[in-house]
Amino acid sequence: MKLYDLEHHFYIKETIDAMKKRKGYPNYDEKEDVINWYKSLPMPQGPLLKKLLELGDERVRMMDELGISTAVLSTSQGVEDLETEESIELARKTNDAAYQVTQKYPGRFLGSAILPTKYVDAALVELERCVKDLGFVCWHTHSNLRGAFLEEERFLPLFQKAAELGIYIYLHPNIPNLPNLHEYGFTVAGPGAGFTVDTMMAILKLIASGLFDRIPETKLVIGHFGEAIPFLMDRIDNRFNFIPNSRLKNRELPSYYFRRNILVTTSGNMSKAAFECTKEVFGMEHIMFGSDYAYEDAKEMVNFVRELSLTEEERAMLYYKNAEKLMKH
């Protein structure tokens, strides 16, 4: 049975080189081999960075061994975080590199566009190029843009363009700028807590801003079985409904948009309880496979989904049918 991987990370050397030169954050300290996301918030790299930079035969062999048919390439954090117009050039180089991989290994990889998101006019041009010229299937962005947030009105044209082009948006976590989390290091500020907190805030703010009412064709994907939202969905609906607030622009309860506009992947979450909760709340038609490679052990992620108790139809939906429907393949 085919298996699509919707979250498959990489870096190009130019991104790391750009972070080496930065005096601000994020930056890469080559001597210590860490990416400093904020002051006193280093993320050790070691063999991880080597895996992210490898975009050739070794990666394909790993996919073959695990039965991953096709992976959507998504660059890791860094390009959108740059505070200068350098991000425009770096986004183009990253997308060109991903395209070259899709051409070298036909059918094995699909491209997702990273954009110089803060420079909206340039980002619109790049997104159109990536879809129309390079054949990319999505726009890959992050839960915060270091001082900017996706629900801001200035970013609306990007969501409109994605809908017009018929592609989905993958909303990946970023580290929140919350010093009370930073003081406990990357583990807590990032994957241990911060990623979930920030992505949950990002998606709920997009709903509250009325984005999905203004652009109902929007399809958006988040990882980690929905960043704890399935567990909290009833309470979120209840509070949105129970406490009147003129600032809320959404016409429906949040769960409505999760049924109509939002899908989730398995990436980085190997809890059967989390899967069962997500399946019950969102439905099997809203769950897809994502390995979160190289930040997770892809073998463990594949084994996890293979061991889930599913009907053949449910397995097909998780493995490839939902992804193909989303990407219109």
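**Group meeting talk: a walk through a predicted model**

Let me begin with one residue, Leu52, which is found in helix H2. Before I say anything further about Leu52, please keep in mind that what we have in front of us is a predicted model. Leu52 is buried, because its relative accessible area is 0% and the cut-off for calling a residue buried is under 20%. As for its company, and leaving aside residues up to four places away in sequence, Leu52 touches His9, Phe10, Tyr11, Arg59, Ser76, Ala294 and Tyr295. If you would like a distance to go with that list, the C-alpha atoms of Leu52 and Ile12 are separated by 8.0 Å, with the two residues 40 apart along the chain.

Staying with helix H2 for a moment, I would point you to Gly46, which sits in the loop between strand S4, residues 41-44, and helix H2, residues 47-53. Gly46 counts as partly exposed, since its relative accessibility is 39%. Gly46 and Tyr320 are 274 residues apart in sequence, and their C-alpha atoms are 33 Å apart in space.

Let me now step back to the whole protein. It has 16 helices and 11 strands, and its C-alpha atoms fill a box of roughly 55 × 45 × 40 Å when this is taken along the principal axes. How does the radius of gyration of the protein sit beside that of a compact globule? For 329 residues a compact globule would have a radius of gyration near 20 Å, and the protein has 19 Å, so the two agree. Of those 329 residues, 58% count as buried, and the protein exposes about 14,400 Å², with carbon and sulfur atoms supplying 51% of that area. If we take the contacts between residues at least 6 apart in sequence, 75% of them join residues at least 24 apart. On the matter of charge, there are 40 positive and 48 negative side chains, and the centres of these two sets lie 2 Å apart.

From the whole I would like to go to a single helix, H5, which covers residues 120-132. Helix H5 has 13 residues and reaches 18 Å from its first C-alpha to its last, close to the 18 Å expected at 1.5 Å a residue. Which residues of H5 are buried? They are Val120, Ala123, Leu124, Glu126, Leu127, Arg129, Cys130 and Val131, so a bench reader will notice that Glu126 and Arg129 stand in this list along with Leu124 and Leu127. These buried residues pack against two helices, H4 (86-104) and H6 (156-165), and against two strands, S6 (109-113) and S7 (138-142).

The next part concerns the backbone, and here a general reminder may help. Most residues other than glycine have a negative phi, and most peptide bonds are trans. With that in mind, where does the model place cis peptide bonds? One joins Tyr25 and Pro26, with omega about 0 degrees, and Pro26 lies in the loop between helix H1, residues 13-21, and strand S2, residues 27-29. Another joins Tyr293 and Ala294, with omega about 10 degrees, and Ala294 has its place in the loop between strand S11, residues 287-288, and helix H15. You will recall Ala294 from the beginning, as one of the residues that Leu52 touches.

That loop between S11 and H15 also holds Asp292, whose phi is near 65 degrees, a positive value in a residue other than glycine. Asp292 counts as buried, at 6% relative accessibility. A positive phi is found as well at Glu227, where the value is near 55 degrees. Glu227 lies in helix H11, residues 224-227, and Glu227 is buried too, with a relative accessible area of 1%.

I will finish with a pair of residues that are not buried. Asn303 has its place in helix H15, residues 298-306, and Asn303 is partly exposed, with a relative accessible area of 33%. Asn303 and Met270 are 33 residues apart in sequence, while their C-alpha atoms are 9.5 Å apart in space. Asn241, by contrast, lies in helix H12, residues 229-242, and is exposed, because its relative accessible area of 58% is over the 50% cut-off. The C-alpha atoms of Asn241 and Arg306, which are 65 residues apart along the chain, are separated by 39 Å.

Notes: Residues numbered from 1 in each chain as written. Predicted model: local features only at pLDDT ≥ 70, side-chain atom pairs only at ≥ 80, totals over all residues. Heavy atoms only, no water. Helix = DSSP H or I, 4+ residues; strand = E, 2+ residues; numbered from the N terminus. Rg over C-alpha atoms; globule rule 2.2 N^0.38 Å. Buried < 20%, exposed > 50% of the residue type's maximum accessible area, 1.4 Å probe, protein only. Contact = heavy atoms within 4.5 Å. Areas by Shrake-Rupley, 256 points an atom, 1.4 Å probe, with all protein chains shown as cover. Lys, Arg positive; Asp, Glu negative; His and termini not counted. Charge placed at Lys NZ, Arg CZ, Asp CG, Glu CD. Expected span 1.5 Å × (residues − 1).
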